[in-house]
Amino acid sequence: MGRQLVASVKKEFPKAEVGAVGTNSLAASNMLKAGADYAATGENAVIVGCRRADVIIGPVGIAIADSMHGEITPVMAAAVGQSEAWKLLIPMNQCRNVIVGVKNVSMSSMLEAVIEQLKEYAKGDAC
């Protein structure tokens, strides 16, 4: 998902600086290949990235401790949740975290929705 997300954001906003924080080196590498300006991995990278970001985009699991098969530590989830960045959390019903009322939709549909929200943010129309 990270690779598709970075590619979509860079396509729509080519001048935007996109930093990728992967839960592992393979994820970070894939996001770099998709056009991220820089990438990092690990708990401290998440903490620093959340402190510096204007917008955080990722699966809802990034804000839930021990989600994503245990890759998200409590400190990482807190950093996301406490960040003052605008957060676009993509509903992913997996790993025992189910968002009730959210229907299963394609990844491309979710990415289109992310881009539309980013356009609202860029115009200053977001709350």
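**Exercises on a predicted protein chain**

**Exercise 1.** Determine why the radius of gyration of the protein chain agrees with that of a compact globule.

*Solution.* The chain has 127 residues, and for this number a compact globule would have a radius of gyration near 14 Å. The protein chain has 14 Å, so the value agrees with the globule rule. The model is a predicted one. Its C-alpha trace spans about 35 × 35 × 25 Å along the principal axes.

**Exercise 2.** State how many helices and strands the protein chain has, and in what order they run.

*Solution.* First, the count gives six helices and four strands. Next, reading from the N terminus on, the order is α-β-α-β-α-β-α-α-β-α.

**Exercise 3.** Establish which side chains of strand β1 are buried and which are not.

*Solution.* Strand β1 covers residues 19–22, and its side chains alternate between two faces. A residue counts as buried when its relative accessible area is under 20%. Ala-20 and Gly-22 point to one face and meet this condition. Gly-19 and Val-21 point to the other face and are not buried. For the chain of 127 residues, the buried share is 30%.

**Exercise 4.** Identify the strand joined to β1 and the direction in which the two run.

*Solution.* The partner is strand β2, residues 38–41, joined to β1 by four bridges. The two strands run parallel. Within this pair, Gly-19 stands opposite Tyr-38 of β2.

**Exercise 5.** Describe the contacts and the charges of the protein chain.

*Solution.* Among contacts with a separation of 6 or more, 60% come from residues 24 or more positions apart. As for the charges, there are 12 positive and 12 negative ones, and their mean positions are 4 Å apart.

Methods:
Residues numbered from 1 in each chain as written. Predicted model: local features only at pLDDT ≥ 70, side-chain atom pairs only at ≥ 80, totals over all residues. Heavy atoms only, no water. Rg over C-alpha atoms; globule rule 2.2 N^0.38 Å. Buried < 20%, exposed > 50% of the residue type's maximum accessible area, 1.4 Å probe, protein only. Contact = heavy atoms within 4.5 Å. Lys, Arg positive; Asp, Glu negative; His and termini not counted. Charge placed at Lys NZ, Arg CZ, Asp CG, Glu CD. Pairing = 2+ DSSP bridges.
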